[in-house]
There are 2 protein chains.
Amino acid sequence: MLYAVIPAGGSGTRLWPLSRAGHPKFLHPLTGSSASLLQETVRRLAPLSTPERTLVVTGVAHATAVARQLTQLPEENILVEPSPRDSCAAIALAAAVIATRDPEAVMGSFAADHVIGDPQRWAQTVREAVHGAEQGLLMTVGITPTRPETGYGYLQTGDPVGDGPLRPVAEFKEKPAVEVAEAYLRSGHHLWNASMFVWRVDVFLAELARQQPDLYAGVTAIAAAWGTPAQDEELGRVWPTLPKISVDYAVMEGAAAAGRVATVPGDFGWNDVGDFHTLGDVLPTDPAGNVVLGTDAKADVLLRDSSGLVVVSQSGRLVSVLGMRDTIVVDTADAVLVCARERAQDVKALVDELKQRGEEALI
Amino acid sequence: MLYAVIPAGGSGTRLWPLSRAGHPKFLHPLTGSSASLLQETVRRLAPLSTPERTLVVTGVAHATAVARQLTQLPEENILVEPSPRDSCAAIALAAAVIATRDPEAVMGSFAADHVIGDPQRWAQTVREAVHGAEQGLLMTVGITPTRPETGYGYLQTGDPVGDGPLRPVAEFKEKPAVEVAEAYLRSGHHLWNASMFVWRVDVFLAELARQQPDLYAGVTAIAAAWGTPAQDEELGRVWPTLPKISVDYAVMEGAAAAGRVATVPGDFGWNDVGDFHTLGDVLPTDPAGNVVLGTDAKADVLLRDSSGLVVVSQSGRLVSVLGMRDTIVVDTADAVLVCARERAQDVKALVDELKQRGEEALI
């Protein structure tokens with residue numbers, strides 16, 4: 001069985017006004033079920049892991065909400081970061097804590113706020129990655145690109161190794177310009193980097209020690225105190241000193257250059273739910289092509305002569321839409337958003353404007 | 001000084017969810033000021049009439065709201081209809097009550113829920129109508145049409161009489177088909193019927209007696225009891241027996257055929273605020289071409305890269321709109337509407353659907 005690590009951070013600004021600083025997107029049910037993205041992530045892990053082997057790394061602000069949503073997880077499996085230090089510190093702390101329990105454990109890291117269309121196929125792909133990890137590789141699950149997306153990073157892969165699906169990762173690529181993204185799509189050698197990692201904790205920690213010795217020393221010290229009376233003091237002393245850096249940049253790029261990273265291409269309907277437009281693309285529509293999310297959507301939403309809508313009804317008020325196309329309507333207790341789907345990315349700018357206005361209660 | 005009669009009825013279904021059965025459009029501030037359409041109507045009458053000579057005819061459901069909005073009106077000037085009997089009974093009752101106070105009074109009837117762009121010019125036009133009324137004509141104020149509107153009735157006029165602006169009205173025309181409306185527009189002899197009437201009460205009541213003897217007898221009986229202890233009993237006895245008929249159909253058409261109706265063309269920015277699209281056309285826009293109405297619109301509305309909007313913010317929640325064109329957004333405490341401006345007329349269909357669903361609380 002795999003150890004699963006779920007970094008649960010990020011505010012999901014482009015999903016405002018649903019997603020708020022105090023209640024970010026991973027805590028919301030955004031897939032048509034009553035389960036939050038975080039709960040769906042844990043549910044999806046059932047064939048691969050157990051609650052005892054599932055760890056969530058989250059911020060102080062969300063620790064209680066995470067604890068209440070994931071009652072099946074042991075308390076000590078919810079790692080609370082005293083402050084945000086980016087993904088490397090979060091994942092490395094989880095790896096170090098797991099290593100104290102099982103030094104040769106294989107762990108996978110999976111974001112708390114992604115949607116997977118075909119969970120069974122996803123689990124099969126992760127199993128293939130586990131095989132690579134057992135051989136000592138730092139594995140990623142890359143997503144077969146379906147469009148020249150400029151909002152994601154890419155993995156540049158070599159030719160398949162042997163008969164299996166494994167491919168070496170030659171390089172991690174930043175978010176590309178559109179022409180570059182188009183070339184990637186044509187190349188057949190580029191996958192989306194979905195920040196899904198699978199590795200043996202000893203292999204990862206050795207690579208961390210090589211490339212980021214301070215980070216390695218810090219998380220090892222914290223992990224040694226984990227579950228002891230000294231835990232919080234050690235965390236409070238060491239954590240603020242850790243460098244703020246992503247795991248891609250801190251470890252994976254260097255490891256790829258050293259030939260230690262491989263990937264298995266995934267083709268299971270992955271989506272990072274970056275904005276309401278994307279959300280609409282990944283969820284099932286009604287016969288008119290509208291996606292409706294809400295606790296009691298049948299009673300609360302009245303659509304007429306409308307298509308291509310993404311409607312989120314969260315306040316219990318009636319949301320009525322007439323004669324609209326390709327529009328996002330989000331209704332919450334204190335704010336309503338009406339937005340063209342093609343402008344979904346720019347919801348972030350609205351939140352920035354509210355910040356400037358000092359409307360902290362709304363963001 | 002003129003006696004002014006303001007029939008205040010009609011629910012304004014196409015202005016849902018702002019306008020409700022219990023709080024129809026004439027009670028709402030819809031012109032950017034804090035005054036309701038009803039209050040604006042009374043305010044506009046200041047150069048022509050006095051509160052003592054201003055009468056409102058309204059339904060049981062709205063009597064208290066009217067009384068509270070128009071505190072300057074004497075109590076006995078608010079005539080409460082026990083049940084809706086269409087415009088002839090309402091206007092005839094007012095005429096009969098006025099006749100008991102001043103048998104040769106000139107009265108004007110003006111809807112409670114219209115917007116007038118240029119009130120001074122409007123008052124001047126009404127004064128011209130008063131001159132016609134003093135000569136014993138049933139006067140209307142017709143609106144010079146600016147488009148081939150199919151939603152209004154028309155007045156077919158003859159050539160001007162003498163030097164003044166008066167023209168005889170040959171016929172009242174129903175809402176026309178679009179080709180007919182285009183012909184009316186070209187003819188130069190057709191005006192919109194805005195249901196603005198000016199006449200001597202004795203002339204009107206004589207015409208009522210000739211064409212609608214039952215209605216005449218009924219309202220005369222009620223008016224005789226008005227202000228006496230028998231008022232409510234007489235009203236309760238007679239009112240339900242009165243025919244439900246519009247004043248146009250009951251009196252004006254027949255009077256026109258008899259050569260007793262004339263009109264003065266009006267050109268003062270008239271609008272009947274039939275729906276949110278129309279409302280948007282008549283109110284001042286911000287630099288981006290958006291009309292925003294609300295108690296605290298500056299704080300409650302955040303528009304970005306949007307134009308041609310009509311936004312009504314009534315709940316105190318933040319209404320944010322991004323990248324939208326020609327859209328209506330109405331936010332109330334229990335319902336939100338998002339509607340293409342070109343579909344504004346069809347808001348009525350949404351209300352019908354809510355009725356069918358039994359959602360009485362929302363309509």
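**Surroundings of Asn77(B) and the interface of chains A and B**

Leaving aside residues up to four places away in sequence, Asn77(B) is in contact (heavy atoms within 4.5 Å) with Pro51(B), Glu52(B), Arg53(B), Thr54(B), Leu55(B), Val56(B) and Arg101(B). The model is predicted, with local features requiring pLDDT of at least 70 and side-chain atom pairs counting only at pLDDT 80 or more, whereas totals for chains, interfaces and linings use all residues. Residues are numbered from 1 along each chain as its sequence is written, chains are lettered from A in the order in which they are written, and side-chain values use heavy atoms, without hydrogens and water. Asn77(B) counts as buried (under 20% relative accessible area, 1.4 Å probe, protein chains only) because its relative accessibility is 0%, and its side chain reaches the backbone oxygen of Pro51(B) at 3.2 Å.

A turn of 180 degrees with a shift of 0.0 Å along the axis lays chain A on chain B with an RMSD of 0.0 Å, after least-squares superposition on the C-alpha atoms of residues with pLDDT of at least 70 in both copies. That is the relation of a two-fold axis. In chain A, the residue that comes closest to the rotation axis is Val338(A), at 3.9 Å (C-alpha).

The interface joins 38 residues of chain A with 38 residues of chain B, and about 3000 Å² is buried between the two chains, 59% of it on carbon and sulfur atoms; this buried area is the accessible area (1.4 Å probe) lost on putting the two parts together, summed over both. Six salt bridges (a side-chain nitrogen of Lys or Arg within 4 Å of a carboxyl oxygen of Asp or Glu) are counted between chain A and chain B, including that between the side chains of Arg343(B) and Asp305(A), at 2.6 Å from N to O.

Definitions and conventions: Buried means under 20% relative accessible area, exposed over 50%, partly exposed in between (1.4 Å probe, protein chains only). A polar contact is a pair of N or O atoms within 3.5 Å; within protein, one must be able to donate a hydrogen and the other to accept it, and residues adjacent in sequence count only if both atoms are side-chain atoms.
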